[in-house]
Amino acid sequence: MQPRNMSMSGVVDLAAVKAAGEAKVKAEQARAEAARQGGTAAVAPSSLVIDVDEAGFEREVLQRSAEVPVVIDFWAEWCEPCKQLGPLLERLAVEYHGRFLLAKVDVDANQMLMQQFGIQGIPAVFAVVAGQALPLFQGAAPEAQIRQTLDQLVQVAEERFGLTGLQVDADADPDAPAPEKAGPYDALLDAAVSALDAGDLAGAVQAYKNVLADDPEHPEAKLGLAQAELLARVRAMDPGAVRKNAADNPKDVAAQIAAADLDLAGGHVQDAFGRLVDTVRRTFGEDREAVRVRLLELFEVIGPEDPRVTAARQALASALF
């Protein structure tokens, strides 16, 4: 499991893309047709970020993915993490200078697209390369990790499909705002990601805590700390032994908490939440409080706007009251 985001693989796995050979042929044909018609004109930096709806999806995403990787940001106005991630992706789209196109999809207005991509929570980010859809990550993520994923995407898109991106005319947007400067905590967040990549969970935890000491509500640091601490807890677990202990001892609070950690680390979010909600119903006093606290910590790992967290919060309230 990749730290910082439960859904991010850390590697864009295009080896598993179905019909990759056919997609490459189609992409080459599309580029050849564009060249026959005089080539593709350079675009303004502001054109690298587009709003897409269901009616224009085939034209703006599927067809254009034959010439440039299209990164899709599924978002909604009510989603707080989306408000953090969206501007970052927009800035990177301009900074990558046409190596990918960013398509923004408002899920409230485009429910069918959300269903077709099987999205269970937002923000969710996908890519379409030569007509092939690829999941990138779900939820918030630090800039360094997003950059790593985008680098892998554009590299493999070029090597595997020959997609070199769009030509960009930097002078076409004379009034465009200057690129956003690095945030005050970027160095610490990057250090945390580097520590995670190196397996230094203690170092990552400390880096996130350093950010939170100055800004207790920093969303990326809160999410990163929750995920790093989860990884630290499950690192030494024997999955088989943990699950057997939980099954054999349903009233053992520590056993249920450990199994819930393991569930969540393995991506079984609803199983983890359900296990702890059920344990809350069966317990009282200090045991119940310990389970409640761990469940709230696991909510932080997924993010407060995820529908699964919302549902589990309601179930927890029902169990408590």
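This report describes the fold, sheet, helix packing, disulfide and two loop residues of a predicted model.

## Overall composition

The protein chain contains 13 helices and five strands. Of its 321 residues, 48% are buried. Among contacts in the protein chain with a separation of 6 or more, 72% are accounted for by residues 24 or more positions apart.

## The sheet

The five strands form an open sheet in the order β1-β3-β2-β4-β5, and the pairing is mixed. The edges are β1 (49-51) and β5 (132-138), each of which pairs on one side only. From one strand to the next, the twist averages 25°.

Two pairings that involve β4 can be described in detail. On one side, β4 (residues 124-129) is joined to β2 (residues 70-75) by five bridges, and these two strands run antiparallel. Within this pairing, Val71 has Ala127 of β4 as its bridge partner. β4 also pairs with β5, again in the antiparallel sense, over six bridges. Here Phe126 has Pro135 of β5 as its bridge partner.

The link between β4 and β5 is a hairpin with two residues between the strands. Ala130, in the turn, has a positive phi of about 50°. Although β5 is an edge strand, five of its seven residues are buried, so β5 is largely enclosed by the rest of the structure.

As background to the sheet, side chains in a regular strand alternate between the two faces of the sheet.

## Helix packing

Two packed helices are described by the angle between their axes and the distance between the axes. The table gives these values for three pairs.

| Helix pair | Angle between axes | Distance between axes |
|---|---|---|
| α3 (residues 80-95) and α5 | about 45° | 11 Å |
| α9 (residues 239-248) and α10 (residues 253-265) | about 135° | 8 Å |
| α11 (residues 269-282) and α13 (residues 307-320) | about 10° | 9 Å |

The first pair brings together α3 and α5, which pack at an angle of about 45°. That angle makes α3 oblique to α5. The crossing of α3 past α5 is right-handed. On the α3 side, the residues involved are Leu85, Leu88, Leu89, Arg91, Leu92 and Glu95, and they meet Glu143, Ile146, Arg147 and Leu150 in α5.

For the second pair, α9 and α10 pack at about 135°. α9 is therefore oblique to α10, and their crossing is left-handed. The contact uses Pro239, Val242, Arg243, Asn245 and Ala246 from α9, together with Ala255, Gln256, Ala258, Ala259, Leu262 and Asp263 from α10.

In the third pair, α11 and α13 pack at about 10°, and the two helices are therefore roughly parallel to each other. From α11, Val269, Gln270, Phe273, Val277, Val280 and Arg281 take part. Their counterparts in α13 are Arg308, Val309, Ala312, Ala315, Leu316, Ala319 and Leu320.

## The disulfide

The model has one disulfide by the distance rule applied. This disulfide links Cys79 and Cys82, whose sulfur atoms lie 2.4 Å apart. The pair qualifies because the sulfur atoms of a disulfide must be within 2.5 Å. The link of Cys79 and Cys82 is right-handed, with 80° about the S-S bond. Both Cys79 and Cys82 are buried.

## Two loop residues

Pro184 is located in the loop between α5 (143-161) and α6 (186-197). Pro184 has a relative accessible area of 75% and is therefore exposed, since that class covers values over 50%. In sequence, Pro184 and Val211 are 27 residues apart, while their C-alpha atoms are separated by 9.4 Å.

Gly199 occupies the loop between α6 and α7 (201-214). With a relative accessibility of 30%, Gly199 counts as partly exposed. Gly199 and Leu231 are 32 residues apart along the chain, and the distance from C-alpha to C-alpha is 9.8 Å.

Conventions:
Residues are numbered from 1 along each chain as its sequence is written. This is a predicted model: local features need pLDDT of at least 70, side-chain atom pairs count only at pLDDT 80 or more; totals for chains, interfaces and linings use all residues. Side-chain values use heavy atoms; hydrogens and water are left out. Buried means under 20% relative accessible area, exposed over 50%, partly exposed in between (1.4 Å probe, protein chains only). Two strands pair if DSSP finds at least two bridges between them. Helices (H or I, at least four residues) and strands (E, at least two) are DSSP runs, numbered from the N terminus. Axes are lines fitted to C-alpha atoms, for helices over the stretch in contact, and angles run from 0 to 180 degrees between N-to-C directions. Angles under 35 degrees count as roughly parallel, over 145 as roughly antiparallel, 65 to 115 as roughly perpendicular and the rest as oblique. A crossing is left-handed if the near helix is turned anticlockwise from the far one by less than a right angle, and right-handed if clockwise. Contact means heavy atoms within 4.5 Å.
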